[in-house]
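The following paragraphs lead the reader through one protein chain, from its annotated regions to individual side chains. The sequence and the structure should be kept in view throughout.

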Amino acid sequence: MTEKITDPWDLRKVLREIADDPENYHETDLAIDPDAEISGVYRYIGAGGTVERPTKEGPAMMFNNLQGFPDSRVLIGLMASRRRVGKILHHDWQTLGRFLKDAVENPVHPITVPKEEAPVQEVVHLATDPDFDLRKLVPAPTNTEYDAGPYITCGLVKGSMPDKSMTDVTIHRICIEGKDTMGMYIMPGGRHIGHFQKEFEKLGKPMPITINIGLDPAVTIGATFEPPTTPLGYDELDVAGALRQEPVQLVDGVAVDEQALARAEYVIEAEIMPNETIVEDINTHTGHAMPEFPGYNGDANPAVNLVKVKAVTCRRDRPIMQSVIGPSEEHVSMAGIPTEASILELVDKAIPGKVVNVYNPPAGGGKLMTIMQIHKENEADEGIQRQAAILAFSAFKELKTVWLVDEDVDIFDMNDVVWTMNTRFQGDMDIMVLPGMRNHPLDPSERPEYDPKSIRFRGMSSKTVIDGTVPFDMKDQFKRAHFKEVADWKKYLD
């Protein structure tokens with residue numbers, strides 16, 4: 001029998017750790033409208049990423065006074081700072097990629113707890129209740145005034161194969177369409193939940209899922225790994241368990257044959273209907289879905305998966321709705337850090353010791369761009385940097401641009417990275433272009449009319465390598481100006 005954990009990790013434990021740190025957390029009791037206003041305010045305070053300027057890095061925000069939802073709260077921006085993510089995960093923020101890589105390789109499996117030990121089931125609303133209305137139970141905000149509807153932007157979808165032989169968790173954009181109806185976008189290819197759902201469709205059966213909201217970032221970030229690092233059959237909840245050295249707690253659903261995360265704030269229990277779709281903006285007709293990570297409004301999809309809600313469960317004490325701005329730094333943390341880990345996992349095996357560190361910056365939304373810090377030890381290593389770039393593309397098919405830099409460059413400082421393009425780069429010899437490859441369909445430049453010679457279908461792209469490393473035999477000509485080391489320099493600020 002598994003020993004009961006007395007103070008298990010969940011979102012509330014994380015918030016208790018940062019509550020007294022004004023750089024990382026702030027609460028407000030001022031009234032606010034979840035419809036576009038929360039994101040409109042947080043854009044100025046701490047969204048960062050590729051959000052419309054002006055924006056900046058700032059504290060996570062808890063909004064305690066929601067119009068229309070007096071008993072709920074909304075948290076936004078918890079992961080919208082890499083430094084804060086490091087603080088939350090108790091690890092150096094600059095080496096989080098390696099931390100996650102190690103977690104994948106040393107999984108800690110989830111455990112199942114009884115319902116009385118699952119705070120998320122303290123309150124239960126069944127879709128069969130006469131007054132059930134998802135729109136009044138779950139305070140899902142909109143990012144903009146043009147969104148297709150209220151979105152669940154940070155809901156972890158948990159589902160399994162029909163025979164329960166495999167289970168998986170992923171994050172999808174989910175629009176609330178009616179009192180018991182939602183539309184969920186499952187990107188074609190690469191998502192295990194989509195594979196499971198197709199198996200249910202073959203049987204003509206709805207697929208039971210739980211949508212888990214309000215989670216420890218160890219769960220949320222750990223869940224965003226993709227193949228080949230976490231192949232079909234790998235349960236990403238194992239990563240969160242490894243990060244915390246504590247198993248994620250699961251509980252059986254109250255209305256569907258699927259498990260939920262016992263320490264979530266909200267859980268929506270539902271079924272993805274077989275061979276049924278819905279127009280994403282059926283209620284608003286704006287033509288837009290919501291802002292996506294590249295910084296543009298996504299197009300409303302004419303046929304997203306139809307999801308029927310069976311129950312909503314939540315905590316009794318003012319449950320927390322966790323929300324994310326699509327193009328914010330928060331997406332960079334959720335998508336970018338696991339991608340760094342995936343790249344490191346592959347290059348460490350193929351060319352050990354040659355890639356010092358990897359960073360997926362906000363400029364690429366965490367997915368489209370990576371910066372690789374290269375170690376060249378001798379002349380035999382010349383060219384290894386470009387092989388590393390090819391490996392990065394192999395590790396993550398949605399990657400579009402790789403920037404290669406030397407060890408003396410700070411990969412977390414874009415000024416330093418761009419400096420290499422001006423002093424260690426020649427355009428006619430240091431650019432590699434790989435045309436006609438698959439990429440991410442949310443990049444608006446990836447359409448045939450933009451580049452008809454290389455793009456046959458939406459979601460294809462030319463991938464680019466910018467080699468800002470100095471040729472090994474010329475290193476002595478590219479030494480940075482060296483300054484005196486002064487150990488006690490901080491005293492001059494006193």
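The model is predicted. A salt bridge near the start of the chain offers a point of entry: Asp-7 pairs with Lys-13, and their closest N and O atoms are 3.8 Å apart. The two partners differ in exposure. Asp-7 has a relative accessible area of 38% and is partly exposed, whereas Lys-13, at 14%, counts as buried because the limit for that class is under 20%.

Another salt bridge joins the side chains of Arg-12 and Asp-317, with an N to O distance of 3.5 Å. This pair connects distant parts of the chain, since Arg-12 belongs to helix H1 (residues 11-18) and Asp-317 to the loop between strand S17 (304-314) and strand S18 (320-323), 305 residues apart. Arg-12 is itself buried, with a relative accessible area of 15%.

A further salt bridge is found between Glu-382 and Lys-376, where the closest N and O atoms are 3.1 Å apart. Glu-382 is partly exposed at 35% relative accessible area, while Lys-376 is buried at 3%. Returning to Arg-12 and Asp-317, salt bridges with shared partners place both of these residues in one network with Asp-10, Arg-263, Glu-265 and Arg-315. In total, the structure holds 39 salt bridges.

The surroundings of Lys-376 also include Asp-381. This residue lies in the loop between strand S20 (369-374) and helix H10 (384-395). Is Asp-381 buried or exposed? With a relative accessibility of 7%, Asp-381 counts as buried, because that value falls under the 20% limit. When neighbours within four places in sequence are set aside, Asp-381 is in contact with Lys-354, His-375 and Lys-376.

These residues fall within an annotated region. According to an unreviewed UniProt entry, residues 334-467 carry the feature "domain: 3-octaprenyl-4-hydroxybenzoate carboxy-lyase-like C-terminal". Over this span the chain is 29% helix and 25% strand, and the C-alpha atoms at its ends are 27 Å apart. The unreviewed entry in UniProt also lists "domain: 3-octaprenyl-4-hydroxybenzoate carboxy-lyase-like N-terminal" at residues 24-100. That span is 29% helix and 25% strand, and its end C-alpha atoms lie 22 Å apart.

Helix H2 (residues 37-45) shows how a helix can be placed against its surroundings. Which residues of helix H2 are buried? They are Ile-38, Ser-39, Tyr-42 and Arg-43. These residues lie on the same side of H2, because they cover an arc of only 135° around the axis. The spacing follows a general rule: an α-helix has 3.6 residues a turn, so residues three or four places apart point the same way. The buried residues of H2 pack against four elements, namely strand S1 (25-32), strand S2 (60-66), strand S3 (73-76) and helix H3 (82-89).

The last stop is on the surface. Val-486, Trp-489, Tyr-492 and Leu-493 form a nonpolar patch there, and together they have about 500 Å² of accessible area. Trp-489, one of these residues, is found in the segment after strand S23 (460-467). At 47% relative accessibility, Trp-489 counts as partly exposed, because exposed requires over 50%.

Definitions and conventions. Residues are numbered from 1 along each chain as its sequence is written. This is a predicted model: local features need pLDDT of at least 70, side-chain atom pairs count only at pLDDT 80 or more; totals for chains, interfaces and linings use all residues. Side-chain values use heavy atoms; hydrogens and water are left out. UniProt positions are given in the numbering used here, feature names are shortened, and annotations may be inferred rather than shown by experiment. Helices (H or I, at least four residues) and strands (E, at least two) are DSSP runs, numbered from the N terminus. A salt bridge is a side-chain nitrogen of Lys or Arg within 4 Å of a carboxyl oxygen of Asp or Glu. Buried means under 20% relative accessible area, exposed over 50%, partly exposed in between (1.4 Å probe, protein chains only). The arc is that of the directions from the helix axis to the C-beta atoms. Contact means heavy atoms within 4.5 Å. Patches are made of residues with over 30% relative accessible area and no salt bridge: like charges are joined within 9 Å, nonpolar side chains (Val, Leu, Ile, Met, Phe, Trp, Tyr) within 5 Å. Accessible areas come from the Shrake-Rupley method with a 1.4 Å probe; for residues, only the protein chains shown count as cover.
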